[in-house]
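Reader: Hey, can you walk me through the salt bridges in this one? I'm new to reading structures.

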Amino acid sequence: MRSAIPPTGDQTHTGSAGEHDVSHGPGRQAGPGAADDHDRLPGGAAVTGRSPGEPPPGDAAGRAELGRLLRDADMEIEGRLIEASNTTLRVILSGGGRSVRAVYKPVRGERPLWDFPHGTLAAREVAAYAVSESLGWDLVPPTVLRDGPLGPGSCQLWLDETIEPPVDFVPADELPQGWLPIAAAQDEDGRPYLLAHADDARLARLAAFDAVINNADRKGGHVLATPDQRLYGVDHGICFHTEDKLRTVLWGFAGRAVPPEVAAALRAFDPGVLDDLLTTAEVDAVGTRIKQLVADGRLPQPPEDRHAIPWPPI
């Protein structure tokens with residue numbers, strides 16, 4: 001598909017395929033290293049990601065156990081995600097008779113960016129999870145910093161069971177009911193398409209979350225939905241810049257009132273939970289963005305002085 005949306009120019013998004021490449025998300029084919037939800041390790045231990053059997057957000061003991069597994073379990077590399085611009089590996093974590101899949105992003109595999117300090121992306125991934133947890137929004141899969149076969153990096157629970165997310169390119173004359181158009185595009189044959197997303201309260205909360213963390217790369221493919229009606233955002237390595245970098249495909253909510261429960265959570269948020277992950281200036285900027293968002297009472301509008309949509313959008 002050829003989009004009418006110009007590239008941002010800020011990032012280079014190219015993946016390199018390897019012998020055991022895998023892909024993440026519905027509708028994408030997995031390579032030799034991938035497997036389905038019913039895989040088992042030698043000895044019969046089930047390999048599971050976030051599933052109906054995973055602890056719910058309110059199960060503190062279960063989430064603590066999962067956190068220990070992510071931080072401390074033995075890690076085995078299963079494959080590489082082919083569409084990632086940085087080294088991104090799917091791994092199996094095993095310990096205490098339990099195994100889960102996770103996404104491991106080693107710091108040494110981060111490609112230099114002109115506007116983000118090198119070697120900081122893993123900590124930003126964990127910072128995004130910390131914000132989601134502190135707000136009580138459960139928008140980011142559990143994510144930790146830990147060591148691995150390629151050194152220190154972020155480690156995030158893999159979501160095995162996903163469905164088509166509520167963000168996509170759709171034929172211009174087939175916009176689903178209740179979806180919001182964002183931008184026009186064309187395929188290779190010149191047929192008109194729209195970049196659009198659902199008018200969904202979960203997405204609106206994610207849009208508020210992205211405004212808080214200053215997400216510079218909210219692509220449609222970074223929104224994952226699960227069969228149990230949960231919605232998650234992933235790939236938060238280029239967030240928390242002190243300058244306005246917000247680029248997203250969720251502009252359908254621009255100018256909408258911030259829901260009262262979202263505003264209440266933001267007022268109670270303590271940016272200090274990020275002190276060990278970000279610079280002082282970046283932590284202060286989070287607090288400033290929250291105060292501005294609550295004071296405005298509305299979700300931000302797209303900027304006019306730079307590209308507002310990441311490239312590629314999906």
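Author: Sure, let's go through some of the salt bridges and where their partners sit. Keep in mind that this is a predicted model.

Reader: Cool. How many salt bridges does a search of the whole structure find?

Author: The search turns up 16 salt bridges. One of them joins the side chains of Glu-125 and Lys-105, at 2.7 Å from N to O.

Reader: Which parts of the chain does that pair tie together?

Author: Glu-125 belongs to helix H2 (residues 121–135) and Lys-105 to strand S6 (residues 98–106), so the bridge ties together parts 20 residues apart in sequence.

Reader: And is Glu-125 buried or exposed?

Author: Glu-125 is buried, at 5% relative accessible area. Lys-105 counts as buried too, with 15%, because the cut-off for buried is under 20%.

Reader: OK, new pair. What does Asp-115 meet in a salt bridge?

Author: Its partner is Lys-245, at 3.0 Å from N to O. Asp-115 sits in the loop between S6 and H2, and Lys-245 in the loop between strand S13 (231–233) and helix H4 (260–268), so this pair ties together parts 130 residues apart in sequence. Asp-115 is buried at 8% relative accessibility, and Lys-245 is buried at 6%.

Reader: What about Asp-199 and Arg-256, how far is N to O there?

Author: That salt bridge has 2.8 Å from N to O. Asp-199 is in the loop between strand S11 (192–198) and helix H3 (201–213), while Arg-256 is in the loop between S13 and H4, 57 residues apart. Asp-199 is partly exposed at 41%, and Arg-256 is partly exposed at 34%.

Reader: Last one: which residues do shared partners join into one network?

Author: Glu-78, Arg-90, Arg-101 and Asp-160 are joined that way.

Technical notes: Residues numbered from 1 in each chain as written. Predicted model: local features only at pLDDT ≥ 70, side-chain atom pairs only at ≥ 80, totals over all residues. Heavy atoms only, no water. Salt bridge = Lys/Arg side-chain N within 4 Å of Asp/Glu carboxyl O. Helix = DSSP H or I, 4+ residues; strand = E, 2+ residues; numbered from the N terminus. Buried < 20%, exposed > 50% of the residue type's maximum accessible area, 1.4 Å probe, protein only.
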